[in-house]
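Let's walk through this structure together, one region at a time. Keep the sequence at hand and turn the view as you read.

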Amino acid sequence: NGAASAGGAVNVNAESAGIYTSNDVIDYYVGHGLSAAIKLFYGVKAPVDDSNFTPYDLLVVAKEMVANKDIEHYTVSSSGVVHIRPGIQSEFTPLGEWMRDSSIFNLLRQMRFFKHYLLQKMFTFWRSNVRHKLYRQVRAKLERSLFIAKPTFNASVMELGALCHELRDTAMVSVNPNQLYTVDDFTETQVTHRTQKAVPKMESCMERIQKVLERVIRDVVGQEKRYREIIADNDSISATVSKTKSMVALKRERIERARTYKRIVEESQMLPSLVRLADYMITESLVSLALTNLGDLLSLLANPNKTKGVFLTTVAFAHDLTTYTPNEPEVLKTVNAVVVEGILQSMGSMPRLIFMRAFAPLFEAGAGPPGSLNAPGHLGAASKLEGMSPMAVLTAEPAYDAIRTEITACITASFTASREYTLTFEDQRLIYHFGLQWNSNVYEQTAKTVAQFRADMRVQREWRVELDRMKVGYAVGILYVDSRALRTELTATVLSMLESMKALLLVAAREEVSRAVEGFQKRVRSLVDRPEALDKFAMFMEVHTQHELSKADYEADYGVVQEMYDMLTTYEMKVPAGDQIKLDDLNESVTALSDSMARAEDYIDSRKAEMMSSMKKGITELDEALLAMMAELNSDSFVDRAAEPAAVLMELDKVQRRITSHQEKGDLFRKYQALFKMPVDDFSNLATGMKEFATKKDTWSALHEFETSTNEWMSGAVQSLQLELVNTAVEEAGTGAYKMLKQRRDDQVVMRLREEIDAFKQYLPLLQEVANPALLPRHWEGIFKVLGKPHGGSEAFSVSAMINMGIMDKLEQVESIGATASKEYSLSKTLEKMQVDWEGLEFKCIPYKETGTFILGGSDEVQAILDDQIVKAQGMCASPFVKPFEEEAKAWSVTLNTLQDMLDNW
């Protein structure tokens with residue numbers, strides 16, 4: 001009944017208690033505890049299917065089923081669970097631990113991984129076995145088809161591998177990292193190495209590969225032929241009967257010979273594949289060869305010799321650019337065309353095995369007997385596969401494109417860095433541009449001072465020093481930038497310009513020394529005479545003084561010449577003999593001038609007192625002449641108010657010429673006094689005389705000018721009078737007379753001028769009227785009518801004539817006529833302006849909506865002018881002075897009113 005009581009006797013039936021599983025037992029003990037009636041239960045593992053694994057699930061069984069039997073089972077009590085296994089020590093698990101482990105196991109089984117763990121494990125195990133089985137099948141197949149696994153081909157394949165390795169190690173690029181190449185040298189080196197070493201080695205490898213294949217094919221074909229004959233003999237009666245061998249042994253031998261023949265046939269059928277394999281190995285070796293050599297070239301370009309570089313490029317100036325020979329495109333073209341394309345051409349020149357005549361029978365179909373290499377249906381028949389050529393494989397390789405890109409990047413980066421390096425030569429570009437613009441003819445035609453020569457030649461010397469410090473070469477990446485040619489060119493330019501300057505300096509020095517010799521000799525000659533007269537003595541003394549003052553300039557001229565020749569000596573130019581003679585002449589002239597100056601000074605000192613006495617006598621005579629002239633200016637006609645101004649002015653011109661002569665003598669005497677280092681006389685009498693003369697000249701000139709003007713005004717035609725000019729002239733003359741009279745109250749000439757101005761002013765009101773521009777012929781008729789004289793029409797008449805007619809007595813009547821004329825003139829001008837204001841004004845008509853009619857638009861300006869002019873026209877028509885043009889004024893007023901009516905009606 002699966003349970004036992006406390007005393008061991010079964011008195012409770014587990015089945016009747018409803019206990020069937022381990023879970024029921026646990027619930028039973030949990031509910032009853034130690035007081036449970038059933039003390040022990042027997043159980044076995046519950047049945048397990050593919051989808052369910054429950055190691056903690058037990059089925060309760062009767063004690064008789066397991067007790068004293070060699071059966072694995074469990075006993076469950078309130079203390080725990082005992083796992084009993086035959087031959088193994090039992091294991092006890094406390095009931096609480098069993099319950100916890102069971103709960104944890106059930107919880108884990110709810111997870112996806114553990115829930116399907118058994119199924120997954122079985123599937124994994126099955127898949128592993130299947131994969132291993134397939135692996136064994138593939139391995140067996142490979143063993144049957146793998147050349148290296150067959151004794152017949154093993155040694156040959158190994159030899160082919162060694163030859164391919166040798167082919168792979170062929171050096172296609174020959175570059176010495178310690179050697180600097182020009183583009184031409186690099187090209188020649190690569191072509192020579194490739195044609196004389198690399199390609200012959202590759203061809204040798206190909207020939208040996210061909211021989212290996214031919215030997216293998218020959219051996220296999222020979223074996224096949226021999227075994228075919230043996231097999232044919234096996235079919236004869238004698239091959240089935242032997243006196244020394246049993247039938248079993250003969251049968252075993254026939255089976256072995258058949259197996260060997262089958263192997264040989266299979267190997268013969270593999271010969272085309274062997275050729276294709278060798279072709280693939282060669283293709284792979286050639287591709288690897290190209291990539292390896294290109295990689296070596298890239299390694300060299302990426303890590304060039306830091307002091308030499310790889311390629312030599314020459315830098316030069318071209319206007320504002322810096323050129324490189326070879327330049328970046330040329331270097332790229334050389335590397336790509338010579339190295340890369342050369343490798344590709346060498347690869348393409350290698351013969352393909354599958355196209356060789358020696359192996360052609362392997363790829364011909366149906367030409368041989370059954371079982372042979374070229375029998376109908378044979379594997380080798382029509383199985384010729386071209387595959388990809390080595391060049392196609394290489395160009396499709398990403399590593400090939402990457403290497404070529406990196407090679408291009410290295411070259412580009414080096415040229416970029418070299419351009420940055422050559423920026424250091426920009427200071428020398430000034431020399432280059434100066435050399436381009438240099439023109440010795442233009443330079444020669446431009447006058448130069450010694451300082452300019454010195455500055456120019458110093459610049460050339462500094463440039464030469466700077467060029468001497470200029471680097472002749474520098475390694476930048478793969479490039480060795482050679483600036484030697486540039487330095488040589490610039491140095492030649494500087495030396496050429498310096499030589500030209502030295503030649504020009506020599507010419508200038510020769511001219512300067514000639515000029516200096518002539519100048520010093522001329523100065524010596526100027527001091528030869530010994531004058532006796534004052535004027536010539538003063539000139540002699542002035543020349544001596546001038547020489548003394550100019551001594552520094554003379555010495556400077558002498559120093560310039562010396563400096564020029566010193567510069568020529570400094571710049572290592574030999575002075576010609578003729579120039580040296582000139583220098584000696586210059587030195588003698590300088591000494592002669594110094595001696596002449598000393599002798600002249602002695603002579604001046606000996607005669608100076610005598611000449612000073614003569615000069616004082618001349619000054620006294622000049623003062624007496626000035627006093628006599630001033631007395632003359634204050635006598636005779638110069639102070640006579642009744643004298644004729646024109647005659648007086650003529651006399652004053654004579655006096656002015658005398659004053660000029662006296663002034664020249666005074667200036668000369670002052671010059672002599674300064675030369676003799678005497679106190680310089682101010683010749684006050686000369687200044688006083690000139691002031692007195694100026695006074696007389698101004699007074700008589702003003703009187704003469706006023707009389708001349710009044711005569712023109714009074715006797716000239718009235719129509720030509722300009723009243724504004726007349727008033728201005730009278731006002732200025734009156735102001736001037738007032739000032740002169742204020743300064744010279746007793747001057748009768750000035751008083752005469754003032755009286756004449758005051759006398760003329762009484763006629764100004766008359767001039768005001770008769771010069772009125774408003775007077776028209778009808779007004780002149782009225783004036784002449786007042787005078788009682790006939791009007792001559794267009795005949796000209798003067799103010800004097802009208803005064804003689806008695807116009808001064810009728811001045812009020814004339815003024816009335818003039819006022820009327822002015823009013824009429826003003827109205828006439830107003831009417832003209834009103835008419836002119838309408839010029840350019842337009843009446844603009846604009847369409848009115850969509851009616852097809854038009855309305856007047858923008859009439860504000862017209863209306864404003866119209867309103868203003870209507871008022872003015874009405875006032876004008878009402879004026880008593882409108883009579884001469886009354887009809888015209890009224891007509892204009894009517895026109896304005898008509899226009900107003902038109903605007904109103906519109």
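A good place to begin is helix α20, residues 645–675, where R670 and D667 sit three residues apart and are therefore separated by about one helical turn. These two side chains form a salt bridge, with the closest N and O atoms 2.5 Å apart. Side chains of opposite charge can pair when their charged atoms come close. Both partners can be placed on the scale from buried to exposed: R670 is partly exposed at 24% relative accessibility, and D667 is also partly exposed, at 37%. Please keep in mind throughout that you are looking at a predicted model.

The pair in α20 belongs to a wider set, since the model holds 14 salt bridges in total. Another of them joins the side chains of D579 and R510, with 3.0 Å from N to O. Here D579 belongs to helix α19 (residues 577–633) and R510 to helix α16, so this contact ties together parts that lie 69 residues apart in sequence. How covered are the two partners? With a relative accessible area of 3%, D579 is buried. R510, in turn, is partly exposed, with a relative accessible area of 35%.

Helix α19 takes part in a further link of this kind, between E532 and R607, whose closest N and O atoms are 2.4 Å apart. E532 sits in the loop between α16 and α17 (534–549), while R607 is in helix α19, so the bridge ties together parts 75 residues apart in sequence. R607 counts as buried, because its relative accessibility is 12% and the cut-off for buried is under 20%.

Now let's turn to the strands. Which order do the strands of the open four-stranded sheet follow? Reading across, you will find β8-β7-β10-β9, and the pairing is mixed. The edges are taken by β8 (321–325) and β9 (473–476); each has a single partner strand, so one side of each is left without a neighbour in the sheet. On average, neighbouring strands here are turned by 30° against each other, with direction ignored.

At one end of that order, β9 pairs with β10 (residues 479–482) in the antiparallel sense, over four bridges. If you would like a single residue pair to look at, V476 stands opposite L479 in β10. Helix α16, which spans residues 484–526, packs on this sheet and touches β7 (311–318) as well as β10. The direction of α16 makes about 30° with that of β7. This is the helix that carries R510, the partner of D579 in α19.

Earlier in the chain there is another run of paired strands. Strands of a sheet pair through backbone hydrogen bonds, either parallel or antiparallel. Strand β4 (residues 73–76) and strand β5 (residues 80–85) take the antiparallel arrangement, with four bridges between them. Three residues make up the hairpin that joins β4 to β5, and the bridge partner of H73 in β5 is I84. On to the next strand: β5 is joined to β6 (residues 88–94) by five bridges, and these two also run antiparallel. Within this pair, V81 has T93 in β6 as its bridge partner. The hairpin of β5 and β6 has two residues between the strands, and there G87 takes a positive phi near 80°.

Following on from these strands, have a look at the surface. A nonpolar patch of about 980 Å² is made by V48, F53, I104, L108, M111, F113, F114, Y117, L118, L119 and M122. Helices α3 (95–110), α4 (112–115) and α5 (117–145) each supply at least two of its residues. Which helix gives the most to the patch? That is α5, with four residues. F114, one of the patch members, lies in helix α4 and is partly exposed, with a relative accessible area of 35%.

Our last stop is I865, in helix α28 (residues 860–878). Leaving aside neighbours within four places in sequence, I865 is in contact with D837, W838 and L841. For a sense of span, try locating S273 too: it is 592 residues from I865 along the chain, and the C-alpha atoms of the two are separated by 118 Å.

Definitions and conventions. Residues are numbered from 1 along each chain as its sequence is written. This is a predicted model: local features need pLDDT of at least 70, side-chain atom pairs count only at pLDDT 80 or more; totals for chains, interfaces and linings use all residues. Side-chain values use heavy atoms; hydrogens and water are left out. Patches are made of residues with over 30% relative accessible area and no salt bridge: like charges are joined within 9 Å, nonpolar side chains (Val, Leu, Ile, Met, Phe, Trp, Tyr) within 5 Å. Accessible areas come from the Shrake-Rupley method with a 1.4 Å probe; for residues, only the protein chains shown count as cover. A salt bridge is a side-chain nitrogen of Lys or Arg within 4 Å of a carboxyl oxygen of Asp or Glu. Buried means under 20% relative accessible area, exposed over 50%, partly exposed in between (1.4 Å probe, protein chains only). Two strands pair if DSSP finds at least two bridges between them. Axes are lines fitted to C-alpha atoms, for helices over the stretch in contact, and angles run from 0 to 180 degrees between N-to-C directions. Contact means heavy atoms within 4.5 Å.
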